[in-house]
Amino acid sequence: MYGIQPQDVLPFGQQLRHQLRLYGVTKTDEQLVWPSDLLQHWRDPKLLLSQTCGFPLVTLLQQHVRLVGVFSYQSPYCSGAYYRSLVVVRDDEVGQELADFRHRRVAYNSIDSQSGYNALRALITPLAINGHFFSQRFASGSHTQSIEMIRRHQADIAAIDCVSFALLQRENPSAVTGLKIIAQTQAVPGLPLITSLSTSEEQFIRLRQAIRATVEAPEARSAKDRLLINSFNEIPWSAYDVIRQLQAAAFASGVITL
């Protein structure tokens with residue numbers, strides 16, 4: 001979830017559980033969890049509410065979950081429910097655009113990430129030669145670690161989602177000091193909120209109502225701002241088709257990996 005830590009989510013989670021009780025949503029005795037096996041968690045038939053990434057949503061989860069909606073966030077690079085990634089390098093690099101970083105080392109959070117992998121792969125596709133652009137690629141495990149690898153000269157470039165970047169700028173400005181943005185990826189719908197297919201239609205409606213009420217509640221303002229949440233939006237599954245299309249276009253051009 002945009003590089004957010006459990007302690008950051010807790011205040012908003014408490015406000016949400018309060019609204020879930022008010023709206024009569026069942027299973028609200030369940031606690032917030034930070035699962036180690038995310039795919040198993042997302043596919044759990046007992047799942048009430050979670051947040052995933054758009055890439056696993058369209059490639060791994062369509063037969064297991066219902067799309068509840070998406071938050072919009074406070075970032076100048078967000079457009080309503082849509083967000084993009086920022087391609088960052090060290091600010092002492094001579095290069096000013098993506099093409100200048102051919103044959104350099106790229107860090108990415110994980111191969112199942114839209115913001116750190118699929119979006120950047122789509123961006124390099126027109127520049128790739130024989131399916132390749134970067135000389136080396138490293139899985140860092142997180143956006144924060146990708147940035148740290150660049151700062152330590154272990155990598156040269158990475159795509160960081162704009163919400164994670166904004167959170168780092170606010171909470172730990174020194175973490176992004178010495179970086180510059182040289183490109184932006186295509187905007188896509190933000191991290192989807194999901195529930196299990198087993199969630200009844202009545203509970204599904206109440207779940208959406210409770211989330212909207214949480215975001216709009218004055219008493220939740222501080223918890224919401226802590227996560228940079230602006231609003232809750234209901235969007236169709238088709239809005240996420242662009243993510244699959246980005247992958248398909250890269251594959252069609254022979255760009256399979258970063």
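Let's start with one pair of residues: Ser85 has Asp161, in strand 7, as its bridge partner. That little link is part of a longer seam, since strand 4 and strand 7 run antiparallel and are joined by four bridges. Bear in mind as you look around that this is a predicted model.

From that seam we can build up the sheet around it. Three strands form an open sheet in the order 7-4-8, with antiparallel pairing. Strand 7 (158–161) and strand 8 (179–184) are the edge strands, each pairing on one side only. If you look at how the strands lie, neighbours in this sheet are turned by 45 degrees against each other on average, direction ignored. On the other seam, strand 4 (residues 85–90) pairs with strand 8 in the antiparallel sense over five bridges. There, Val88 stands opposite Ile181 of strand 8.

Two helices pack on this sheet. Helix 4 (residues 114–124) touches strand 4, strand 7 and strand 8, and its direction makes about 125 degrees with that of strand 7. Helix 6 (residues 162–171) also packs on the sheet, touching strand 4, strand 7 and strand 8; in this case the angle with the direction of strand 7 is about 80 degrees.

Now back to strand 7 for a moment. In a regular strand the side chains alternate between the two faces of the sheet. Here, Ala158 and Ile160 point one way while Ala159 and Asp161 point the other way, and all of them are buried.

Helix 4 has a residue worth a stop, too. Gln114 sits in this helix, and because its relative accessibility is 1%, it counts as buried. What does Gln114 touch, leaving aside its neighbours within four places in sequence? Its contacts are Cys53, Phe55, Tyr83, Ala119, Val188, Ile243 and Leu246. For a sense of distance, try going from Gln114 to Arg226: they are 112 residues apart along the chain, and their C-alpha atoms are separated by 23 Å.

Next, have a look at the loop between strand 2 (65–73) and strand 3 (82–83), where Ser75 lies. With a relative accessible area of 10%, Ser75 is buried. Setting aside neighbours within four places in sequence, Ser75 is in contact with Cys162 and Ala166.

Strand 2 takes us to another sheet. This one is open as well, with four strands in the order 1-10-2-11 and antiparallel pairing. Strand 1 (50–51) and strand 11 (229–233) each have a single partner strand, so one side of each is left without a neighbour in the sheet. Strand 1 pairs with strand 10 (residues 192–196) over two bridges, in the antiparallel sense, and Gln51 stands opposite Leu193 of strand 10.

Which helix lies across strand 2, strand 10 and strand 11? That is helix 7, running at about 10 degrees to strand 2. Helix 7 (residues 201–216) has 16 residues, which at 1.5 Å a residue should span 22 Å; its end C-alpha atoms are 23 Å apart, so the two agree. Its buried residues are Gln203, Phe204, Leu207, Arg208, Ala210, Ile211, Ala213, Thr214 and Val215. Some of these turn up again when we look at Gln19, which is in helix 1 (residues 6–22). Not counting residues up to four places away in sequence, Gln19 touches Ala210, Ala213, Thr214, Ala217 and Glu219. Gln19 counts as buried because its relative accessibility is 8%.

What about the inside? In soluble globular proteins, nonpolar side chains tend to be buried together. The largest nonpolar core here has 61 residues, and Phe71, Ile211 and Tyr240 touch the most other members. Beyond residues up to four places away in sequence, the contacts of Phe71 include Phe12, Leu193, Ile211, Val215 and Ile229. Apart from that core lies another, of 18 residues, among them Leu98, Val106, Ile124 and Ile182.

Finally, step back and take in the whole. The protein has nine helices and eleven strands. Its radius of gyration is 19 Å, close to the 18 Å that the globule rule gives for 258 residues, so it is as compact as a globular protein of that length. Along the principal axes, the C-alpha atoms fill a box of roughly 55 × 40 × 30 Å. Buried residues make up 51% of the 258 residues. And among contacts between residues at least 6 apart in sequence, 80% join residues at least 24 apart.

Definitions and conventions:
Residues are numbered from 1 along each chain as its sequence is written. This is a predicted model: local features need pLDDT of at least 70, side-chain atom pairs count only at pLDDT 80 or more; totals for chains, interfaces and linings use all residues. Side-chain values use heavy atoms; hydrogens and water are left out. A nonpolar core is a set of buried Ala, Val, Leu, Ile, Met, Phe, Trp, Tyr and Cys residues joined through side-chain atoms within 4.5 Å. Buried means under 20% relative accessible area, exposed over 50%, partly exposed in between (1.4 Å probe, protein chains only). Contact means heavy atoms within 4.5 Å. The expected span of a helix is 1.5 Å times one less than its number of residues. Two strands pair if DSSP finds at least two bridges between them. Axes are lines fitted to C-alpha atoms, for helices over the stretch in contact, and angles run from 0 to 180 degrees between N-to-C directions. The radius of gyration is taken over C-alpha atoms; the globule rule is 2.2 Å times the number of residues to the power 0.38.
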